Amino acid sequence: MSNKKVAGTIMLNLNDGSKKFLVHPVGESMAFVTAKVSEDMTGLASMLQVFKEEIQLDVTSINLVELTNAHTDAENMPLFVFEMNEDHVVPSIDDRYVWEKPSELKTLLASYDIEGVPMF
């Protein structure tokens, strides 16, 4: 199981009613936050560990709202979608991760064949 990967994003509910999504910039494009599934952890626990240790998020402030599968020619990954309110966001996150507008997420989602399109 050590070569299995999971992906995730967090939908940030802003105080003005708009939303942003946590993604990982890769060159000129975006990718989901990914984690290798540890031998002694579930996929969900592995994703939460990345949020907690790499991004320094308080994982008690996020809620899982969707779990689906993301497919490409190269890989098949569970995709976890969490949400959190703006009041709980850390002032600065690691520069390997950014909050992007929903239009960027739609572009990213278009690069995958998603089973059970996330409802948000």
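## Burial of F82

A residue counts as buried when its relative accessible area is under 20%. By that criterion F82, with a relative accessible area of 2%, is buried in this structure, which is a predicted model. The phenylalanine F82 belongs to strand β6, and its surroundings are taken up below under the aromatic residues.

## Overall architecture

The protein chain contains 2 helices and 8 strands. Their order along the sequence is β-β-β-β-α-β-β-β-α-β. The radius of gyration is 14 Å, close to the 14 Å that the globule rule gives for 120 residues, so the chain is as compact as a globular protein of that length. Along its principal axes, the C-alpha trace extends over about 40 × 30 × 30 Å.

Of the 120 residues, 39% are buried. Among contacts between residues at least 6 apart in sequence, 66% connect residues at least 24 apart.

## The nonpolar cores

In soluble globular proteins, nonpolar side chains tend to be buried together. In this model the largest nonpolar core comprises 20 residues, and I10, L22, V33, M47, F51 and I55 are those with the most contacts inside it. At least two residues of this core come from each of β1 (5-13), β4 (33-36), α1 (43-53) and β6 (76-85). Apart from this core lies another, of 14 residues, which includes A7, V23, F32 and L105.

V33 illustrates the packing of the 20-residue core. When neighbours within four places in sequence are left aside, V33 is in contact with V6, A7, G8, L22, M47, V50, F51, I55 and Y97. Among these partners, A7 is a member of the 14-residue core.

## The buried face of helix α1

Which residues of α1 are buried? They are G43, S46, M47, V50 and F51. Viewed down the axis of α1, these buried residues fall within an arc of 140°, so they line one face of the helix. An α-helix has 3.6 residues a turn, so residues three or four places apart point the same way.

The elements that cover the buried residues of α1 include β1, β2 (19-26), β4 and β6. Two of the residues on this buried face, M47 and F51, are also among those with the most contacts inside the largest nonpolar core.

## The aromatic cluster

The structure has 2 aromatic pairs. A pair of aromatic rings is described by the distance of the centres and the angle of the planes. The ring centres of F51 and F82 are 5.4 Å apart and the planes meet at 85°, so this pair is edge-to-face. The pair links distant parts of the chain, with F51 in helix α1 and F82 in strand β6, 31 residues apart.

F80 and F82 form a stacked pair, at 6.3 Å centre to centre and with 25° between the planes. Together, F51, F80 and F82 make up one aromatic cluster. F51 is buried, with a relative accessible area of 0%, and F80 is likewise buried, at 7%.

## Polar residues at buried positions

Is N13 of strand β1 buried or exposed? With a relative accessibility of 13%, N13 counts as buried. The side chain of N13 makes polar contacts with the side chain of E83 at 3.2 Å and with that of N85 at 3.5 Å. Not counting residues up to four places away in sequence, N13 touches S18, K19, E83, M84, N85 and E86.

S61 is situated in the loop between α1 and β5 (63-71), and at 10% relative accessibility S61 counts as buried. The side chain of S61 reaches the backbone oxygen of D58 at 2.6 Å. With neighbours within four places in sequence set aside, the contacts of S61 are E83, M84 and H88. Both E83 and M84 are also touched by N13.

## Backbone conformation at Q56

Most residues other than glycine have a negative phi, and most peptide bonds are trans. Q56 has a positive phi of about 65°, although Q56 is not a glycine. This residue lies in the loop between α1 and β5. At 53% relative accessibility Q56 counts as exposed, whereas S61 in that loop counts as buried.

Technical notes
Residues numbered from 1 in each chain as written. Predicted model: local features only at pLDDT ≥ 70, side-chain atom pairs only at ≥ 80, totals over all residues. Heavy atoms only, no water. Core = buried A, V, L, I, M, F, W, Y, C linked by side-chain atoms within 4.5 Å. Buried < 20%, exposed > 50% of the residue type's maximum accessible area, 1.4 Å probe, protein only. Helix = DSSP H or I, 4+ residues; strand = E, 2+ residues; numbered from the N terminus. Contact = heavy atoms within 4.5 Å. Arc of directions from axis to C-beta. Phe/Tyr/Trp six-rings, centres within 6.5 Å; stacked < 30°, edge-to-face > 60°. Polar contact = N/O pair within 3.5 Å; in protein donor to acceptor, adjacent residues only side chain to side chain. Rg over C-alpha atoms; globule rule 2.2 N^0.38 Å.
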